[in-house]
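Thanks for coming. I have one structure to show today, and I will keep it short.

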Amino acid sequence: MEADKVRVMVRVRPFSSRELADSPDEYAASIVSMNGGGKMDILDQDREVKRQFRFHETFWSIPEEQRQYTSAPFASQEDVFNKTGAVAVEEALKGYNTCIFAYGQTGSGKTHTMFGSKYNPGIVPMVLDSLFESIAKAEQGQWEYSVEVSFMEIYNEKVRDLFKENPRVNRVKSTPGKGVQVEGVTKLALMSAGDVKDAMSRGVESRSMRDARMGPASSRSHMILQIDLTATNPVLKKQRHSRINLVDLAGSVRVKTGYTDSTLTWILSESLGGNSKTMMIATVSPAESN
């Protein structure tokens, strides 16, 4: 991670039941091909390579039962976490700000990659578990840790607090000595990963209910889990702060680079430059129709 402050990865999801049913052949054929070495090919109808891309990591998540021919190893949720979330936790404990984005069109597997499900958790719940396990080990030494978590949604450049039952719009501001802050946003002080998971599940459910009402417009909202970590060493009289941002980007959004271009990049500015480590996972569908 030292050599690359920004790492770009790609993950192909399994075929959906609709995509399998729509296939004219007995088995749907993926237009995406991977070899496990960071290379991704896009194939034409004749299975010839049409375009090639290189990434730091590629994740092949199409299961064997969908009958695709590939030399790439299957990538589980845990495999993806080990290359992303585990790295983010390790770097945050050293005092670096870290950020993980999931990016891709609606339905490409972004939310599954980031949040997963109860029995197949994604990066976010595994980061929380790993962070507290790592803190428990680290606190056997001289360092003491405190953790605060915020959960936000950005829609039409407005920030809503997903930890609140009726989220209102919150203002973003930059404060000397404190950096970029979302005014009035809930910060849960945590003692364990379980403290936040129930509240986070309610936030995701609340967002999903709004998504159902909004229809296609829902794909334009971002979801951010922000973890603030403070490490204190009373013996050395030292303190360090770091932040982990875990982001489920809006469907097909263009990632902007200027920090004042959007509310999203302003909120994430401290994790997109300086002493930060950033990982982006592009999620793609294997189906030609997408």
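I will start with the overall make-up of the chain, then go through a small sheet and some salt bridges.

Keep in mind that this is a predicted model. The chain has 290 residues, and 50% of them count as buried. There are 7 helices and 15 strands. As for the contacts with a separation of 6 or more, 67% of them come from residues 24 or more positions apart. The exposed surface of the chain is about 14,900 Å², with carbon and sulfur atoms supplying 49% of that area.

Now the sheet. It is an open sheet of 3 strands, in the order S2-S3-S4, and the pairing is antiparallel. Which strands stand at the edges? They are S2, residues 32–34, and S4, residues 49–54. Each of these has a single partner strand, so one side of each has no neighbour in the sheet. On average, neighbouring strands here are turned by 25° against each other, ignoring direction. In general, strands of a sheet pair through backbone hydrogen bonds.

Let me stay with S2 and S3 for a moment. S3 covers residues 39–43, and 3 bridges join S2 to S3. Across this pair, serine 33 stands opposite aspartate 41 in S3. Aspartate 41 also has a charged partner: its side chain forms a salt bridge with that of lysine 39, at 3.2 Å from N to O. Is aspartate 41 buried or exposed? Aspartate 41 is buried, because its relative accessible area is 8% and the cut-off for buried is under 20%.

That brings me to the other salt bridges. The whole structure has 9 of them. One is between the side chains of aspartate 22 and arginine 18, with an N to O distance of 3.4 Å. Both residues are in helix H1, residues 17–22, and they are 4 residues apart, so about one helical turn separates them. Aspartate 22 is exposed, with a relative accessible area of 52%, while arginine 18 is partly exposed at 47%.

Another one joins the side chains of lysine 94 and glutamate 91, at 3.6 Å, N to O. Here glutamate 91 counts as buried, at 3% relative accessibility, whereas lysine 94 is partly exposed, at 42%.

Last item: which residues are linked in a network of salt bridges? Arg7, Glu57 and Lys83 are linked in this way.

That is what I have. I can go back to the sheet or the salt bridges if anyone wants to look again.

Notes. Residues numbered from 1 in each chain as written. Predicted model: local features only at pLDDT ≥ 70, side-chain atom pairs only at ≥ 80, totals over all residues. Heavy atoms only, no water. Helix = DSSP H or I, 4+ residues; strand = E, 2+ residues; numbered from the N terminus. Buried < 20%, exposed > 50% of the residue type's maximum accessible area, 1.4 Å probe, protein only. Contact = heavy atoms within 4.5 Å. Areas by Shrake-Rupley, 256 points an atom, 1.4 Å probe, with all protein chains shown as cover. Salt bridge = Lys/Arg side-chain N within 4 Å of Asp/Glu carboxyl O. Pairing = 2+ DSSP bridges. Axes fitted to C-alpha atoms, helices over the stretch in contact; angles between N-to-C directions.
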